[in-house]
Each structure stands twice: as structure tokens, then as C-alpha cells.
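Good morning, and thank you for joining this session. Please take a moment with the sequence and the coordinates before I begin.

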Amino acid sequence: MGYRNIYIKHALHMSYKHCSLIIEKEDDVIEIPLEDIATILLEDHKTTITSALISELAKNYIVLIMCDKRYLPCSMMIPIHTYYRELKVFNQQLDAKKTMISQLWSFIVSSKIKNQMSVLEICKCDQKYIEMLKEICKEIKAGDKTNREAVAAKIFFHAMYGSTFIRNHNSGDAINMALNYGYSIMAAHMTRVLSLYGFHTMIGLHHDSKTNNFNLAYDFVEPFRSLVDLYVYKNKDEIFSPLSKEIRYDLINLTQETVILEEKNYSVQNAMEEIVLSFKKCLEKQDSSFLVLPGIKINEKDRDNELQIDESSSSI
């Protein structure tokens with residue numbers, strides 16, 4: 001699979017030629033091999049795109065993300081029928097036992113809260129909030145029936161931004177806009193990997209909105225949200241509405257950050273693939289213990305320096 005995230009702010013025309021993406025600008029023509037690309041994020045509403053390119057993007061498992069006037073992702077094109085045993089995977093999703101689904105969701109919630117604890121520690125937030133999250137983590141039951149995830153999230157954001165901060169999916173304030181932007185990028189990458197292995201993303205473990213075709217992606221993206229949380233907090237003094245090109249570019253590039261899976265380092269993109277493969281095994285074996293989830297590594301460099309972004313994205 002490709003690894004590069006292509007961020008296009010301005011372009012006249014996009015087309016396909018010789019197995020490559022061709023981007024025509026006013027004073028330049030850029031050519032990028034499709035095999036290198038994971039996602040394309042397009043902000044320019046005047047750009048024209050050929051149907052041949054759209055077809056080739058699908059064939060190469062490349063996700064195309066479109067943005068609205070506020071530069072927030074509003075549309076996503078993903079490939080269909082990319083897995084040779086898609087019906088088998090679909091039936092496995094439908095046949096999964098409720099007890100196993102509940103266990104999987106409780107594992108995800110636990111992983112998310114532990115990562116939130118790591119973020120609070122890295123950001124040197126009040127220790128009492130870390131202890132509160134630690135206690136909440138102990139209270140998680142199968143399926144998170146007591147909604148410990150929501151309780152932990154409220155404490156987490158109050159620890160980061162104060163008791164007056166309200167997390168809002170549609171807010172126009174800078175912090176919420178940055179969080180929403182970063183979460184959307186993470187969800188797009190998770191959707192891509194799930195689709196690649198034949199999963200129907202509307203069938204979630206916990207998320208079950210009838211109007212959301214990506215419930216499963218938003219389930220598995222939960223532990224990765226902390227990477228966005230950490231970046232936004234560390235750069236909060238430089239984040240304004242509308243989001244600057246530099247901030248948007250950094251948020252896109254968070255998919256190249258490093259996380260821990262089973263004591264090994266993985267980029268976010270590679271970790272997502274490992275997680276999806278482990279979920280696939282859970283369904284095949286009807287055993288939730290095969291699931292692997294990401295952790296955030298804490299060291300002295302994290303405590304003292306800004307979050308380091310690996311430059312594997314291209315801004316055009």
C-alpha cells in the first residue's frame with residue numbers, strides 16, 4: 001500500500017498518465033506515482049478531475065478527501081470491492097457474538113483512556129486528573145455499559161483546557177476545529193484500511209448511527225485520537241480560526257507519527273493495518289483476545305519538546 005499523503009491547496013487540473021497522478025498548476029506540472037500514495041486531500045474548489053484518474057485512484061486503494069470552505073473534510077471517496085473474500089468478511093461481521101463485540105469495545109475504551117493519561121502526563125497536567133482517569137479505567141465493564149468513555153473524555157478536556165471548554169463537533173472555535181480536522185484525517189485512513197480488507201464500515205462495534213457509513217472506522221480510531229489531542233495542545237497558541245495551512249499540513253502528517261503495538265514501534269498507517277488484521281482474526285476465531293491496540297510512548301523528549309512530525313506528506 002501507498003504511504004504518502006498528498007495535500008493539494010491549489011491546482012488547476014488533476015489527471016492520470018503513465019501510472020501517475022498529474023497535478024497541473026499555473027506555473028508547474030507535478031507527477032507522483034500512484035503506488036506511493038495513500039490519501040489525497042484537495043482543498044481547491046476550482047480544480048477539475050478526470051474520471052480516468054478517479055477510476056485509477058480506486059484501483060490503487062487511494063482515498064480522495066474533499067474539503068468545505070472552512071478547509072474541513074466534508075467528503076471522502078473510497079474504493080469498493082477491494083477484497084477478494086468480501087462476502088465472507090461481511091457474514092463474519094454479522095455473525096460476531098454480542099459478548100465478543102462488547103469485549104472488543106471495552107478494550108478500545110481502555111486503550112483510549114490510557115492514551116489520554118499518557119497525553120496528560122506528557123503535557124504535565126495536574127496529577128489528580130491522571131489519577132481520576134486511572135480509576136475510571138478500572139471501572140470499565142464489557143461494552144462500557146456505564147459509559148466510562150464519556151466521563152473520561154470530559155475530565156480529559158477539562159484537564160487540558162479548563163472547566164469552561166466544551167468539546168463540540170460543529171464548533172467554529174479554533175481548538176475544536178483543529179481537533180475535528182485531525183480526527184477526520186485519522187478516520188479517513190482507518191476507513192481506507194478497513195475497506196481494503198473487505199469490512200463494511202457501516203457495521204460498528206459501538207457506533208451505530210444510521211446516518212454514518214463509517215461507524216466501524218470511528219470505533220477503531222478512538223485510541224488514535226490522543227495523537228491529535230497532543231499535537232493540538234502543544235500548538236494551541238499557534239492555532240486560529242480558520243486553520244492555517246501549516247497547522248492543516250501537520251495534522252494530515254500525524255499519520256506518520258509513531259505508536260506502540262505489542263512493544264514495537266509502528267507508524268500510525270502501519271499500526272492501523274495491524275489492528276485491522278488482528279480484528280479480522282478475532283472474527284475468524286471468535287476470540288477478542290487477538291485484538292491489538294496502540295499506545296503512546298512517554299519519554300523525557302516527549303515531556304520537554306514539541307511533538308515531532310515525520311515529513312512523509314507532500315504539500316502542493
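What we have here is a predicted model. I shall begin with a hairpin. In the turn formed by β9 and β10, two residues separate the strands, and E262 adopts a positive phi near 50°. The two strands, β9 at residues 258-261 and β10 at residues 264-267, run antiparallel and are joined by four bridges. Within that pairing, T258 has S267 in β10 as its bridge partner.

I turn next to the sheet. In what order do the four strands of the open sheet lie? The order is β4-β3-β2-β6, and the pairing is mixed. The edges are formed by β4 (29-33) and β6 (48-49), each of which pairs on one side only. Strand β2, residues 13-17, pairs with β6 in the parallel sense, over two bridges. There, M14 stands opposite I49 of β6. Across β2, β3 (20-24) and β6 lies helix α1, residues 51-59, which runs at about 65° to β2.

The loop between β5 (37-42) and β6 contains a residue to which I would draw your attention, E43. Is E43 buried or exposed? Its relative accessible area is 6%, and because the cut-off for a buried residue is under 20%, E43 counts as buried. Which residues surround E43, once its neighbours within four places in sequence are left aside? The contacts are Y7, I8, K9, C67, Y71, Y181 and R248. Of these, Y71 lies 28 residues from E43 in sequence, while the two C-alpha atoms are 6.3 Å apart in space. With R248, the side chain of E43 makes a polar contact of 2.5 Å.

I now move to the nonpolar interior. The largest nonpolar core has 84 residues, and F224 and V232 touch the most other members. Helix α6, residues 174-196, gives the most to this core, namely 14 residues. There is also a second, separate core of 16 residues, with I8, A11, L34 and I37 among its members. I8 therefore appears twice in this account: as a member of that second core and as a contact of E43.

Returning to F224, its contacts beyond four places in sequence are M186, M190, V259, V268, A271, M272, I275 and P294. One of these, P294, also touches S111, whose other contacts outside its sequence neighbourhood are P223 and L293.

S111 belongs to helix α3, residues 98-122, and at 9% relative accessibility it is buried. How far does α3 reach from its first C-alpha to its last? The helix has 25 residues and spans 36 Å, close to the 36 Å expected at 1.5 Å a residue. Of those 25 residues, 18 are buried, so α3 is largely enclosed by the rest of the structure. Just beyond α3, K124 takes a positive phi of about 60°.

I shall close with the start of the chain. Y3 sits in the segment that precedes β1 (4-8). With a relative accessibility of 43%, Y3 counts as partly exposed. Although Y3 and N270 are 267 residues apart along the chain, their C-alpha atoms are separated by 9.0 Å.

To recapitulate two points: E43 is a buried loop residue whose side chain makes a polar contact with that of R248, and helix α3 is largely enclosed. I welcome your comments.

How values were computed: Residues numbered from 1 in each chain as written. Predicted model: local features only at pLDDT ≥ 70, side-chain atom pairs only at ≥ 80, totals over all residues. Heavy atoms only, no water. Pairing = 2+ DSSP bridges. Contact = heavy atoms within 4.5 Å. Axes fitted to C-alpha atoms, helices over the stretch in contact; angles between N-to-C directions. Buried < 20%, exposed > 50% of the residue type's maximum accessible area, 1.4 Å probe, protein only. Polar contact = N/O pair within 3.5 Å; in protein donor to acceptor, adjacent residues only side chain to side chain. Core = buried A, V, L, I, M, F, W, Y, C linked by side-chain atoms within 4.5 Å. Expected span 1.5 Å × (residues − 1).
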